[in-house]
Amino acid sequence: MKPLSEQIKKRPVIGWALFLATAAVVFLLGMLASSIMQRRAEATFAYTPQVKYDQFEPRNEVWGQNFPREYQSFMQTRDTSLRTKYNGSATIDMLEVDPRLVVLWAGYGFSKDYNQARGHQYAVKDIWNTLRTGGPTSERKSPMPNTCWTCKSPDVPRLMNEVGIAEFYSGSWDTKGHQIVNAIGCADCHDSQTMNLRISRPALIEAFNRQGKDISQASHQEMRSLVCAQCHVEYYFDKHRPGSEEVPYLTFPWDNGMSAEAMESYYDAKDFSDWTHQLSKAPMLKAQHPGYEIYLTGTHASRGVSCADCHMPYISEGGQKFTSHHIVSPLKNVSNSCQVCHREETEHLVRDVYERQDRIIENRNTLEELLVHAHVEAKKAWDLGATEQQMQDVLLDIRHAQWRWDYAAASHGGSFHSPVETGRVIATGIDLAQEARLKLARLLASLGYNEQVPYPDISTKAKAQQYIGLNMEQLEAEKSEFLKTLLPQWLATAREREAGYPVQTPN
Ligand code: HEC
Ligand code: HEC
Ligand code: HEC
Ligand code: HEC
């Protein structure tokens, strides 16, 4: 056969035919590509709502009819199989793993019961089940206020809208149990009309206002962290809020800043304590979970990475990209959570996380051990007749040292989110705890006691709870009575209310 160029020279029509055929193929490919793009665009931006509902629709399954992919991934937070080296979504009894915690929290609810968090689907269930909320019945009240419901459910914005914020926080935890049944979900983070991210919790908006900042000016990327900061933050119940005195009003202690020292100075100035320690009688602070605050001090935050970048990565299903709502440890899915930005192998990235955690936890353990000693030695000093005045400085050191320990321990993920700051806070805690023990040694000597105060046998959770005199059998019996009697009544009332909640199908 002759070369093509020669054939075309002889019969130019072949050239034209080839040209037209190529043009047609290019045109058809263009059409195909444009149709694909259009479909994608339609799928992302314009959705045809299957059902209509308002901002206060608490049922995730109703929103889920319009957004099945996000809903299905969100439902995966039911999975409790993930166990990483220090975290994950399995139920782990932390008091069993580390019975020293019982002594650190003696006199406070956490010494009764404390499990690793399982995930958003369990937020309401876990607070029913924990011994910390007690076993309320029609006669017996819960030891916790309604404020404890605030970070558990999209029923919270609904109810706040109905009754008002301060009224929502008022009363003991059992008085609003029939109202709060849906686990953390869509209405907590989204606007129902636009699906834009939305802040539904007043405490965060109020904390911004007090600092002269307007949260509605936050950038889109900031919002991808701020939705989490509605709950994953340090907070306390302020009973002296002007206008709502005696109401345990949910408040973020950020007015002086967000570091351990800044919040500590805030609490000190207000003379606030969460409880008085049963052994040492120190006025204690319980850090809740300053996850957002510590996160802000880390490398990723300073590079503008948001919580959602790692905990809610984009994933792809059938050619559709969407945000995974399976919020969990990012080690579950390193390829989508980390490798969109990092080139390293999975193994390498996981090792980076574990190495940072190992180092922090080593020092955290040291601090914890020092704190147990300090509480026990302070108790000995009281027993030997120490005066309030002699104890004052010691107790302040213990308060501050344990606050630093808890700030680091309770900021879940902190040893990866910001290892340098977490390490620094623990180091200052070690300093303070040693200071307290030195003062105690001198005080004990002046009271005629020159031996080592014996370390209690707290080798198991049961032994530690016995040491501080908790009656676990009674607590458990009360809880099981609640689960059998009051809880079914709550659920029946909730089912009735939800059956009457309007869901319209669009015309
Ligand atoms: C309305 C309050 C609320 C909001 C908003 C919220 N969380 Fe949570 N989160 C919780 C509570 C409560 C738990 C513990 C639930 C349980 O296990 O019972 C939790 C648990 C978790 C866990 C632990 C689950 C596990 O695998 O151990 C992770 C991770 C988490 N949240 C990340 C986030 C991220 C990231 C955001 C923002 C995109 C966010 N959360 C927004 C309240 C909230
Ligand atoms: C803890 C907060 C949080 C909760 C709860 C939550 N979302 Fe989202 N959602 C986000 C974030 C963050 C994004 C990413 C938004 C962005 O970057 O614009 C998102 C994105 C979306 C989008 C936009 C499309 C996409 O996939 O990126 C839809 C639709 C959506 N969510 C639906 C839902 C539904 C339905 C529920 C309840 C089943 C829900 N979300 C619960 C935080 C949340
Ligand atoms: C959205 C992008 C992004 C994602 C997602 C991301 N990183 Fe990073 N990471 C960065 C940037 C940017 C830096 C700073 C590096 C620099 O500027 O040199 C960084 C720094 C680091 C560092 C060194 C700093 C430090 O904190 O010690 C480690 C380790 C790291 N990333 C691990 C991870 C892991 C593990 C994940 C997943 C869980 C992850 N990163 C997800 C962008 C990202
Ligand atoms: C650069 C990625 C990255 C970013 C950004 C990030 N995290 Fe994490 N987070 C991690 C890693 C890695 C862990 C440790 C997971 C483990 O040990 O299994 C973690 C752990 C956690 C945990 C404990 C998880 C568990 O299984 O118990 C919570 C809660 C959490 N992060 C919340 C947040 C919040 C809230 C933000 C934003 C303020 C945030 N994270 C930002 C990577 C990230």
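Axes are lines fitted to C-alpha atoms, for helices over the stretch in contact, and the angle between two helices runs from 0 to 180 degrees between their N-to-C directions. The legends below describe views of a predicted model.

**Figure 1. Overview of the protein chain in the predicted model.** The secondary structure of the protein chain comprises 24 helices and six strands. Along the principal axes, the C-alpha atoms fill a box of roughly 120 × 55 × 45 Å. Of the 507 residues in the protein chain, 38% are buried. Among contacts between residues at least 6 apart in sequence, 71% join residues at least 24 apart.

**Figure 2. Packing of helix H18 (residues 346-383) with helix H21 (residues 419-446).** The axes of H18 and H21 lie 9 Å apart, and the two helices pack at an angle of about 25°. Angles under 35 degrees count as roughly parallel, and H18 and H21 are therefore roughly parallel to each other. Their crossing is left-handed. Sorted by class, the contact of H18 with H21 contains 16 nonpolar, seven polar and five charged residues.

**Figure 3. Packing of H18 with helix H19 (residues 388-410).** The axes of H18 and H19 come within 10 Å and cross at roughly 155°. Angles over 145 degrees count as roughly antiparallel, so H18 and H19 are roughly antiparallel to each other. The crossing of H18 and H19 is left-handed. On the H18 side, the contact is made by Arg364, Leu367, Glu368, Leu371, Ala374, His375, Ala378 and Ala381. On the H19 side, the residues are Met391, Val394, Ile398, Ala401, Gln402, Trp405, Ala408 and Ala409. The contact of H18 with H19 divides into 12 nonpolar, two polar and two charged residues.

**Figure 4. The hairpin of strand S5 (residues 314-317) and strand S6 (residues 320-323).** S5 and S6 pair in the antiparallel sense, over four bridges. One of the residues to locate is isoleucine 315, whose bridge partner in S6 is phenylalanine 322. Two residues stand between the strands of this hairpin, and glycine 318 takes a positive phi near 55°. In a regular strand, the side chains alternate between the two faces of the sheet.

**Figure 5. Helix H8 (residues 155-163) and its packing partners.** Which residues of H8 are buried? They are Asp155, Val156, Pro157, Arg158 and Leu159. These buried residues pack against helix H9 (165-169) and helix H10 (186-189). Glycine 164 follows H8, and its phi is positive, near 100°.

**Figure 6. The surroundings of phenylalanine 74 in helix H4 (residues 68-75).** Is phenylalanine 74 buried or exposed? A residue is buried if 20 or more other C-beta atoms lie within 10 Å of its own. Phenylalanine 74 counts as buried because it has 25 C-beta neighbours inside 10 Å. Leaving aside residues up to four places away in sequence, phenylalanine 74 touches Asn60, His325 and His326. Phenylalanine 74 and serine 324 are 250 residues apart in sequence, while their C-alpha atoms are 7.3 Å apart in space.

**Figure 7. Methionine 195 and glutamate 246, two loop residues with positive phi.** Most residues other than glycine have a negative phi. Methionine 195, however, has a phi near 65°, a positive value. Its place is in the loop between H10 and helix H11 (202-210). Methionine 195 counts as partly exposed because it has 15 C-beta neighbours inside 10 Å. Glutamate 246 likewise has a positive phi, near 75°. This glutamate is found in the loop between strand S1 (236-238) and strand S2 (249-251). How many other C-beta atoms lie within 10 Å of glutamate 246? There are 10, and glutamate 246 is therefore exposed.

**Figure 8. Glutamine 339 in the loop between helix H17 (334-337) and H18.** Glutamine 339 has 15 other C-beta atoms within 10 Å and is therefore partly exposed. From glutamine 339 to leucine 349 the separation is 10 residues in sequence and 8.9 Å in space, C-alpha to C-alpha.

Technical notes. Residues are numbered from 1 along each chain as its sequence is written. Chains are lettered from A and ligands numbered from 1 in the order in which they are written. This is a predicted model: local features need pLDDT of at least 70, side-chain atom pairs count only at pLDDT 80 or more; totals for chains, interfaces and linings use all residues. Angles under 35 degrees count as roughly parallel, over 145 as roughly antiparallel, 65 to 115 as roughly perpendicular and the rest as oblique. A crossing is left-handed if the near helix is turned anticlockwise from the far one by less than a right angle, and right-handed if clockwise. Ala, Val, Leu, Ile, Met, Phe, Trp, Tyr, Cys and Pro count as nonpolar, Asp, Glu, Lys and Arg as charged, and the others, Gly among them, as polar. Two strands pair if DSSP finds at least two bridges between them. A residue is buried if 20 or more other C-beta atoms lie within 10 Å of its own, exposed if 12 or fewer, and partly exposed in between; C-beta atoms are placed from the backbone. Two residues are in contact if their C-beta atoms, placed from the backbone, lie within 7 Å.
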